[in-house]
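Work through the exercises below with the sequence and the model open. Each task is followed by a solution in steps.

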Amino acid sequence: MAVIKKADFIESVESALQFISYYHPKDFVDAMHEAYEKEQNSGAKDAIAQILINSRMSAEGKRPVCQDTGIVTVFVKIGMQVQWDSDLTVQQMVDEGVRRAYANPDNPLRASVVENPIGPRKNTKDNTPAVVHIDMIPGDKVHVDVAAKGGGSENKSKFVMLNPNDSIVDWILETVPKMGAGWCPPGMLGIGIGGTAEKAMVMAKESLMDPIDIHELKAKQDKSPVDKLRLEIFEKVNKLGIGAQGLGGLTTVLDIKIKDCPTHAASLPVAMIPNCAATRHAHFTLDGSGAAELQQPSLADWPEVTWEVGESVRKVDLNTVTKEDVASWQPGETLLLSGKILTGRDAAHKRIQEIFEKGESLPEGVDFNGRFIYYVGPVDAVRDEVVGPAGPTTSTRMDKYVEMMLDKTGLMGMIGKAERGDTAIDSIKKHKAVYLMAVGGAAYLVSKAIKKSRVVAFEELGMEAIYEFEVEDMPVTVAVDSQGESVHKTGPAIWKVKMEEMATQ
């Protein structure tokens, strides 16, 4: 009979969360490199290159691959013969591991969890509590899967209760384009089929713990119905042409994962949860002999990919840029930004709205006139860093504030990730503004372009405060130009047609 000590369990959870914050699984790196090699859309290829470069930099620097270090999900499978040497519950031990991991002074992780979700949404400061699933299994060991899930991909989770004879594939092909690019493709889709509503969702999440093995599945001789469904969905989703970061291209998903179980004769529950380009999960087993030891990967596992500035790249001085300059920027064009920008995301925008509703002035130092706002919540800096990993957050959450910001502040443009909704695009066109896209999943790389950082307002909001960044050659793509043309609409449409033409040649 194995005796699992409290200290070993907590230390293992803590170590696993630190590990996955900066190490991508090798299967993911290999799949991304393959997608990079075959990609034909230059914008999508550049985005994948930045993700791969960022991944290697994070592994070398032991800093988060993404600024959104996620909400923790843990699957704990406990052998029936296991005995615990602990005065804490499994939930309490997991939470203590999370607390220690996120407060690690060498690599602090961003606290993103808020309590009282219906308000007030107050940050718990240590990313607890985690979401813990416990299952009892035969044996005398404890098997643990640890994952950290960012909001951008988690927010795109979908569930439907189909009729028994409805097509699962049709629902997925209808749903994936509506998810937009906020989940930072290319990644994986986890699908749960059967059981009840909550069982399907848990299966979808747990399926994402498995390694990428689509090529092995293709070579498999005897394929089960689930195997065949995985391959059909994989092929058809990629033919949608959504591509990396939603810019259009050959690879939207790296793999499809499915877990299923029996269900009611009248039901067909189907859940779909995407995993983003910051794929983070680790697995360990405790047998009573001590804490888990995760094997550190070799830097040789990462490909030598470079991101080079082409001759067509336009350099922009943000301190002198004019409306006339903005009007000349073309959809899909790459810009290198230098100068000062302000940051702001959900909580800051809400504060600004409340200030305007009261007829008050913005805080001293907050002047958006003729400037750009970057939707970001950075990780705390360590050692000689100006700022920690600082990649973009999903822009659509700020869509409802765009008209207010452009109309009342003189804001010239916005920087974020993924697409904008029609209402936001209409406002951008109306005010002759612009929306620029930075690559989601390249947070550590982006942070290296930030040369100075200071909080200018709402310091009590932590990572949601308004910062002023001074950047140098920060790479972005013109995602919505001053005429309202969106590359997230034109890109996938173009590449879907191209892929159909390629298939007939």
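**Exercise 1: two cis peptide bonds**

Pro120 sits in the loop that runs between strand E4 (114-115) and strand E5 (122-123); strands here are DSSP runs of at least two residues (E), helices are DSSP runs of at least four (H or I), and both are numbered from the N terminus. The model is predicted, so local features need pLDDT of at least 70 and side-chain atom pairs count only at pLDDT 80 or more, while totals for chains, interfaces and linings use all residues. Residues are numbered from 1 along each chain as its sequence is written, and side-chain values use heavy atoms, with hydrogens and water left out.

Task: find the residue joined to Pro120 by a cis peptide bond, then locate the cis bond that ends at Pro186.

Solution.
1. The partner of Pro120 is Gly119, and omega of this cis bond is about -5°.
2. Pro186 is reached by a cis bond from Pro185, with omega near 5°.
3. Pro186 belongs to the loop between helix H6 (168-175) and strand E9 (187-195).

**Exercise 2: positive phi outside glycine**

Task: for Cys184 and Gln245, state phi, then decide whether each is buried or exposed.

Solution.
1. Cys184 is not a glycine, yet its phi is positive, about 60°.
2. Cys184 lies in the loop between H6 and E9.
3. The relative accessible area of Cys184 is 4%, so the residue is buried (buried means under 20% relative accessible area, exposed over 50%, partly exposed in between, with a 1.4 Å probe and protein chains only).
4. Gln245, also not a glycine, has a positive phi of about 60°.
5. Gln245 is placed in the loop between helix H9 (225-238) and strand E10 (253-263).
6. Gln245 is buried because its relative accessibility is 1%.

**Exercise 3: H6 against H9**

Task: describe how H6 and H9 pack, and give the residues that meet.

Solution.
1. The packing angle is about 30° and the axes of H6 and H9 are 10 Å apart (axes are lines fitted to C-alpha atoms, for helices over the stretch in contact, and angles run from 0 to 180 degrees between N-to-C directions).
2. H6 and H9 are therefore roughly parallel (angles under 35 degrees count as roughly parallel, over 145 as roughly antiparallel, 65 to 115 as roughly perpendicular, the rest as oblique).
3. From H6, Val169, Ile172 and Leu173 meet Leu229, Glu232, Ile233, Lys236 and Val237 of H9 (contact means heavy atoms within 4.5 Å).
4. By class, the contact of H6 with H9 has six nonpolar, no polar and two charged residues (Ala, Val, Leu, Ile, Met, Phe, Trp, Tyr, Cys and Pro count as nonpolar, Asp, Glu, Lys and Arg as charged, and the others, Gly among them, as polar).

**Exercise 4: H2 against H3**

Task: find the relative direction of helix H2 (residues 26-38) and helix H3 (residues 42-61).

Solution.
1. H2 and H3 pack at about 150°, with axes 9 Å apart.
2. H2 is therefore roughly antiparallel to H3.
3. Residues in the contact include Val29, Met32 and Tyr36 of H2 and Ile48, Ile51 and Leu52 of H3.
4. The contact of H2 with H3 divides into eight nonpolar, two polar and two charged residues.

**Exercise 5: the surroundings of Arg351**

Task: place Arg351 and list what Arg351 touches, leaving out residues up to four places away in sequence.

Solution.
1. Arg351 is in helix H11 (residues 346-357).
2. Its relative accessible area is 27%, so Arg351 is partly exposed.
3. Arg351 touches Phe458, Glu460 and Leu461, with residues up to four places away in sequence not counted.
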